[in-house]
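The report below follows one protein chain from its overall layout to its core, and then to a few individual residues. Please keep the sequence and the structure in view while reading.

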Amino acid sequence: MRIDILSCVPSLLDSFFAHSILKRAQQAGFAEVVVHDIRDYSTNKHRTIDDYAFGGGAGMVLQIEPIAGCIRKLQQERSYDEIIYLTPDGELMQQGMVNRLSLKGNLMMICGHYKGVDQRVRDLFVTMEISIGDYVLSGGELAAAVLSDAIIRLLPGVLNDETSALTDSFQDDLLAPPVYTRPADFEGHKVPEILMSGHEAKIESWRHEQSVKRTRERRPDLLQ
Ligand code: ADE
């Protein structure tokens, strides 16, 4: 999978993708993430990429020309399965959506800033608009990082334990059960006995019960 991210603050993303699972995924060739600086596509010598909103109002708007220039250059190199715009008024990101995106080959993500991008970017180029939650971030970079992370960890081979992505919270509309590791007794707080019984079937059924209990308590909406 290849993910191209268009941003006017690329340094925000560079450090994120240089770490942990995402770094390993890229080094092992499972994913390639390329961050593009929209400013490199500015059409003027001052390298500006935003301007005042027509009709007035506070806040600057990202102009269409630099973004269109970057998108078109990338489209000459490969075709994209989705061109995603990260925005609080997009479709709410959910595990099912992430699962589907993880099956794609080439994704492009556009990060807004200030008051967002000129509407014509969305009308002419964007195929999917995604929000990572009902709150407003100062830019789309963190949202693109969240979405990329959730996608990349699902790619075959990226996680060490192949089954662990399948047992995540949300994969089956249930929250994950509690987990424990050594010591078995911390200052009198003991690990549930069943987990040390070695009885696989009973452990599995205990975990399922705990998942259902946790989901009922914390996210009853998932059980509807
Ligand atoms: N940009 C600003 N806020 C956002 C959000 N909640 N989701 C996606 N992109 C955003």
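How many Å apart do the C-alpha centres of domain 1 and domain 2 lie? In this predicted model, the separation between the C-alpha centres of domain 1 and domain 2 is 37 Å. The domain assignment places domain 1 at residues 2–152 and domain 2 at residues 167–224.

**The nonpolar core**

The largest nonpolar core holds 41 residues, and the members that touch the most other members are Ile-5, Ile-67, Ile-84, Met-109, Ile-110 and Ala-144. Two or more residues are contributed to this core by each of the strands E1 (2–7), E2 (32–37), E4 (60–62), E5 (82–92) and E6 (106–111), and likewise by each of the helices H1 (10–17), H3 (64–77) and H6 (141–152). Of these elements, H6 gives the most, with seven residues.

Ile-84 can serve as an example of how one core member is surrounded. When its neighbours within four places in sequence are left aside, Ile-84 is in contact with Leu-107, Met-108, Met-109 and Ile-110, and also with Met-128 and Ile-130.

**Annotated positions and one further residue**

The unreviewed UniProt entry records the feature "binding site" at Gly-112, Ile-132, Gly-133, Asp-134, Tyr-135, Val-136 and Leu-137. Two of these positions, Gly-112 and Leu-137, are set out in the table together with Leu-124, a residue of helix H5.

| Residue | C-beta atoms of other residues within 10 Å | Burial class |
|---|---|---|
| Gly-112 | 24 | buried |
| Leu-137 | 18 | partly exposed |
| Leu-124 | 13 | partly exposed |

Gly-112 is found in the loop between E6 and helix H5 (119–124), and it counts as buried because it has 24 C-beta neighbours inside 10 Å, where 20 or more are required. Beyond the residues up to four places away in sequence, Gly-112 touches Leu-62, Tyr-85, Leu-86, Thr-87, Val-117, Gly-139 and Gly-140.

Leu-137, by comparison, sits in the loop between strand E7 (128–131) and H6, and it is classed as partly exposed because 18 other C-beta atoms lie within 10 Å. Its contacts, once neighbours within four places in sequence are set aside, are with Leu-142 and Ala-143.

What is the C-alpha to C-alpha distance between Leu-124 and Ile-64, given that they are 60 residues apart in sequence? For Leu-124 and Ile-64 that distance in space is 9.9 Å. Leu-124 is itself partly exposed, with 13 other C-beta atoms within 10 Å.

Methods:
Residues numbered from 1 in each chain as written. Predicted model: local features only at pLDDT ≥ 70, side-chain atom pairs only at ≥ 80, totals over all residues. Core = buried A, V, L, I, M, F, W, Y, C linked by C-beta atoms within 7 Å. Buried ≥ 20, exposed ≤ 12 C-beta atoms within 10 Å, placed from the backbone. Helix = DSSP H or I, 4+ residues; strand = E, 2+ residues; numbered from the N terminus. Contact = placed C-beta atoms within 7 Å. UniProt positions renumbered as here; feature names shortened; annotations may be inferred. Domains from an automatic or database assignment.
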